[in-house]
Amino acid sequence: EKWDFVLVSDIHQVGSEKEMKRKKFLVELRKKGFIIKKIEDRKVFYGVRAPRQIFWKYQRLLRKPNSRLQSPGDNQEIPVTTSFSLLRIRIVNFILQNTVTPDLEKLRDLMKKKVFEAMFPLHEKEEKREFLKEHWARWSEIFCPQPIEKIRCYFGEKVALYFAWLGWYTYLLGFAAAAGLVVFIAGITTFNSSQVSREICEATTTIMCPLCDQQCPFWLLSDTCTYAKVTHMIDNEGTVLFAMFMAIWATVFLELWKRQRATVVTDWDLYRWDEDEEELAIDLINNVQHEPRQYQHSYFRSTIILLLVLVMIAVMIGIAHALVIYRVIATALFTQSPFEFVREQANMVAMVTGAVLHYITIVIMTKVNRHVALFLCDLEKPRTFSQRENNFTVKIFTFQFFTNFSSLIYVAFFLGRINGHPGNYVRIAGKWRLEECHPSGCISDLFIQMAIVMLLKQTISNMMEYLIPWVKCKLCRQQWRPRKRRMMLGEEEEDEDPCKRQWLSNYQLNEVNIFSLFDEFLEMVIQYSFTTIFVAAFPLAPLLAFCNNLLEIRLDAIKMRRLSRRMVPRKANDIGIWLQVLEAIGILAVIGNGLVIAITSDFIPVQVYKYLYSPCLLGNNTDMDCTTGYINHSLSIFRIQDFEPHTKVPKTLPDFVREEIKECRYRDYRNPDDYSYTAQFWHIFAARLAFLILFEHVALCVKLIAAWYVPDVPQRVKNQFLDRQHNDLR
């Protein structure tokens, strides 16, 4: 005995308002021909089954006269391409959601008023489900291909397309991960051979200006020897090539996915399926008098929504500023710590704790962003569910992008560039001076920030994503465990209704909603952003994402198959507006990586030095490395006597004699007399700008060529439709 849906309600007092509302709703369902079965336990369960006439009408409306559903006497199994069980669930869900009581209340209103507690389709005990359990929702199958067709037959096309996209993304991510690993290993092999790193390590007499105002002493440039070598691993010529490679990879990935998607949905006979037509058909099934909502647009409402979105973005940028202020104040406090390591590494400790705090703000703001995006969607009043879903997707991604990347953008492009110079620092509230880049280079700060955020997102977030549903499921089953009753002599045990056992086991699983799959997509798209936008600063990002996705596929499978109630299957022939979001990320990746190489990295200053100022220009010594002398050239001189009046003269290290220190060095290109920018600064500035324009234009041209070179639709699919049209005309 199969039931399409189960409604769950608390046991309400007879004659109460909730009881009356529940009865009115069930009466409306019976008027539409629904069969309802009631089972009472600690909760009241209502099994709902729709009449077959609904599905025959669906086929007639969509002009499919050859469908088996049109024959009332045909009880044979419906072909997989028009899966009858998925169709039933989809149509029944729509009717349940849109049935109106005499009080003009829908099921959503009744659930808000606690008249009903839950509604869900049932997991089926059939071959497909067991196959998915054994060959998909297992950790041991982590390196095995996914049974996309079986997933589609059980969870519907939308879920199947998500896993098909995620599998394809992970497969191609393997090539990006291998390339990133090669670049990283190449950096390690030159760990000790870099001339720039060697000069830093040998700068035992180069006295650097203090990193803070109070407790920080003068220090030697050679103290940052290890950090300089680590920085060289990610800041070298290979990084530029890898950034270009990732720009091309992002385009090729999307183009190949379009081909893969066209092949898959053609096999499903959904290539030219129209979602609006299907929604209109189900509307008419639910209500013959239904009139479609007309397209509307309000400039006033759009203006209000745009202003609210801008306010929300301003809030997130404000949070990024708050993180900056935290790091500034934390650095000042850590320099006064009683622990020597914390004092010496105050900047690094502030950066690491700031990155952890950034992750915490991401977790909190994700929940806030969801509520705000839903509120804005309600203001928009979209015409259809698919339009509402698209609007929500754009808003939540915009909010999440600024939540995740505002702080990274500051670290990449502003850190150490707006803080002034010794004797004239930019200060917060006139007291705390803005933080500087790590002495080994600005790109190391971005590397640390990205590494911490990605690792935390892929460890803690994934653990919580699995453990919370698992614990909830265990606790719910423990709570509903039946109590054994003592049997009297001669009393026979009553047979339990099999429906009750099935309904109860499904009810004990975790609740799903229309955003359950959306959350998985959002998580992966944000990861895709991390993998592409700032990959020049973190070549290992694709490798981390690849390893994470191998686990993510099975994690999502286990959640859907074992820990959660069954999702309402939805038809789809693509991943929707997510494709446009991914294409936008591809363009941002070109811009972001170009800016990282041009502004954050030392690649451009080194190249300018090699071709304009290096000893190689003299041509006397061909064996000399052309970067010899770069470090001394990149450091400016500051006279100790020019410290700000209210700033204490810094402490000295034990090996220093204060009277002998007349000047110190700092990273910048300024004249030692009036601290104005030197000609070298403007040469580097022009080179950065020229490289940025050249890199982005070349990368975008290559992306356009790759998009043109790889057709979106395979020739086999085009020929298949051509033959079908020809046969229809004949």
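**Exercise 1.** Let's start with the disulfide that joins Cys201 to Cys225: describe its geometry and its place in the chain.

*Solution.* This is a predicted model, in which local features need pLDDT of at least 70 and side-chain atom pairs count only at pLDDT 80 or more, while totals for chains, interfaces and linings use all residues. Residues are numbered from 1 along each chain as its sequence is written, and side-chain values use heavy atoms, leaving out hydrogens and water.

Step 1: A disulfide is a pair of cysteine sulfur atoms within 2.5 Å; here the S to S distance is 1.9 Å.

Step 2: The torsion about the S-S bond of Cys201 and Cys225 is about 85°, so the link is right-handed.

Step 3: Cys201 sits in helix 8 (residues 195-202) and Cys225 in helix 9 (residues 225-234), 24 residues apart. Helices (H or I, at least four residues) and strands (E, at least two) are DSSP runs, numbered from the N terminus.

**Exercise 2.** Are Cys209 and Cys664 buried or exposed, and which parts does their disulfide tie together?

*Solution.* Step 1: Both Cys209 and Cys664 are buried; buried means under 20% relative accessible area, exposed over 50%, and partly exposed in between (1.4 Å probe, protein chains only).

Step 2: Their sulfur atoms are 1.9 Å apart.

Step 3: Cys209 lies in the loop between strand 5 (207-208) and strand 6 (219-220), and Cys664 in strand 12 (residues 663-667), so the pair ties together parts 455 residues apart in sequence.

**Exercise 3.** Why do Cys473 and Cys476 form no bond?

*Solution.* Step 1: The closest cysteine sulfur to that of Cys473 is in Cys476, 7.1 Å away, which is too far for a bond.

Step 2: Cys473 counts as buried, at 3% relative accessibility.
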